[in-house]
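Grab a coffee and work through these short exercises with the model open. Try each task yourself before reading the solution.

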Amino acid sequence: MKSQNLKYKSFYAYFFKPLFDHVFALVLLLLFSPILCIVALLIRIKLGSPIFFTQERPGKNGKIFKIYKFRTMTNARDANGELLPDNERLKGFGEIVRKSSLDELPQLFNVLKGEMSFIGPRPLLVEYLPLYSKTQARRHEVKPGITGWAQVNGRNAISWEEKFKLDVWYVDNLSFWLDCRIFWITFYKVIKRKDISSSTSITMEKFTGNKELQT
């Protein structure tokens with residue numbers, strides 16, 4: 001029975017899931033192209049350039065790729081020319097785009113390119129790679145996702161340790177039915193606009209590592 005489960009998981013993870021990601025990403029890009037254009041135009045008018053936020057992130061097996069998101073923050077600076085805190089730059093239209101998760105739509109291009117999946121651990125910062133414990137680093141055994149098990153179980157409202165445990169649990173329990181469950185819960189969370197921010201920040205605080213976990 002265990003051997004059959006491993007074969008099923010391998011078939012889904014290495015054949016069906018990537019095929020589904022590619023086809024569904026292409027369909028959604030065509031379907032949402034008017035929305036993408038409208039949001040891009042409004043960002044250009046209300047927030048200025050650039051329209052897209054791009055940043056290097058580690059993907060499967062730690063391979064670096066460039067993630068695409070719609071920009072949501074202004075370039076507002078203080079008297080010394082330093083960028084203002086996130087909560088002061090994420091307002092108005094940008095906040096609406098963030099809370100509605102419209103800023104995630106350009107990641108469909110990452111999925112189409114095979115760098116991401118619809119479902120998987122969120123791609124975090126490259127600087128976090130040396131800070132993971134061996135167990136936490138297992139989150140990179142699969143492609144990162146637009147949404148994931150940690151996102152539907154708290155997103156930015158839970159601690160880093162809880163988030164990584166959920167990510168690794170997903171890696172160990174990856175299946176078609178689990179992905180379906182995550183997809184529908186994500187849809188509900190987006191509609192309800194839940195767990196967008198952490199308890200102490202408008203976004204998520206930086207991960208600084210945990211020495212007792214570095215084993």
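**Exercise 1: a pocket**

Task: How much space lies in the second largest pocket, and which residues are closest to its centre?

Solution: Start with the volume: the second largest pocket holds about 290 Å³ of space. A pocket here is an open set of points on a 1 Å grid over the protein atoms alone, with protein on both sides within 12 Å along at least five of seven lines, and lining residues have an atom within 4 Å of a point. Volume means the space filled by probe spheres set on the points, which are joined across faces, edges and corners.

Next, the lining has 17 residues, and Ala13, Lys60, Glu141, Val142 and Leu174 are the ones closest to the centre. Keep in mind that this is a predicted model, where local features need pLDDT of at least 70 and side-chain atom pairs need 80 or more, while totals for chains, interfaces and linings use all residues. Residues are numbered from 1 along each chain as its sequence is written, and side-chain values use heavy atoms, leaving out hydrogens and water.

Then ask who supplies the wall. α1 (2-31), β3 and α6 each give at least two residues, and α1 has the largest share with seven. (Helices, H or I with at least four residues, and strands, E with at least two, are DSSP runs numbered from the N terminus.)

Last, sort the lining by class: seven nonpolar, two polar and eight charged residues. For the sorting, Ala, Val, Leu, Ile, Met, Phe, Trp, Tyr, Cys and Pro are nonpolar, Asp, Glu, Lys and Arg are charged, and the others, Gly among them, are polar.

**Exercise 2: a closed space**

Task: How many cavities of 30 Å³ or more are there, and what lines the largest cavity?

Solution: A cavity is a set of grid points where a 1.4 Å probe fits but cannot get out. The count of those with 30 Å³ or more comes to one, and the largest cavity has a volume of about 40 Å³. Now walk round the wall: Pro58, Gly59, Pro121, Arg122, Pro123, Arg139, His140, Val142 and Pro144. By class that gives five nonpolar, two polar and two charged residues.

**Exercise 3: a chain of rings**

Task: Find what phenylalanine 164 pairs with, and say which parts get tied together.

Solution: Set the rule first: rings of Phe, Tyr and Trp (its six-membered ring) pair if their centres lie within 6.5 Å, with planes under 30 degrees apart stacked, over 60 edge-to-face and the rest tilted. By this rule there are 21 aromatic pairs.

Now take tyrosine 132 and phenylalanine 164: an edge-to-face pair, 5.3 Å centre to centre with 85 degrees between the planes. Tyrosine 132 is in the loop between β3 (117-119) and β4 (145-147) and phenylalanine 164 is in helix α6 (residues 160-173), so the pair ties together parts 32 residues apart in sequence. Tyrosine 132 counts as buried at 7% relative accessibility, and phenylalanine 164 does at 1% (buried is under 20% relative accessible area, exposed over 50% and partly exposed in between, with a 1.4 Å probe and protein chains only).

Step along to the next ring. Phenylalanine 164 and phenylalanine 207 also pair edge-to-face, at 5.0 Å centre to centre and 80 degrees between the planes. Phenylalanine 207 sits in the segment after α7 (176-192), so its pair with phenylalanine 164 in helix α6 ties together parts 43 residues apart in sequence. Phenylalanine 207 is buried as well, at 4% relative accessibility.

**Exercise 4: arginine 71**

Task: Is arginine 71 buried or exposed, and which backbone oxygens lie by its side chain?

Solution: First locate it: arginine 71 is in the loop between β2 (64-70) and α3 (86-89). At 6% relative accessibility, arginine 71 counts as buried. Then check the polar atoms of its side chain: the backbone oxygen of leucine 47 lies 3.0 Å from one, and the backbone oxygen of methionine 73 lies 2.9 Å from one.

**Exercise 5: backbone oddities**

Task: Where is the cis peptide bond from serine 49 to proline 50, and what is phi of asparagine 61 and of serine 101?

Solution: Begin with the cis bond, whose omega is near 0 degrees. Proline 50 is in the loop between α2 (33-46) and β1 (52-58).

Move on to phi. Asparagine 61, in the loop between β1 and β2, has phi near 60 degrees, a positive value in a residue other than glycine. Serine 101, in the loop between α4 (93-99) and α5, has phi near 65 degrees. To finish, compare their surroundings: asparagine 61 is exposed at 65% relative accessibility, whereas serine 101 is buried at 15%.

Key:
A polar contact is a pair of N or O atoms within 3.5 Å; within protein, one must be able to donate a hydrogen and the other to accept it, and residues adjacent in sequence count only if both atoms are side-chain atoms.
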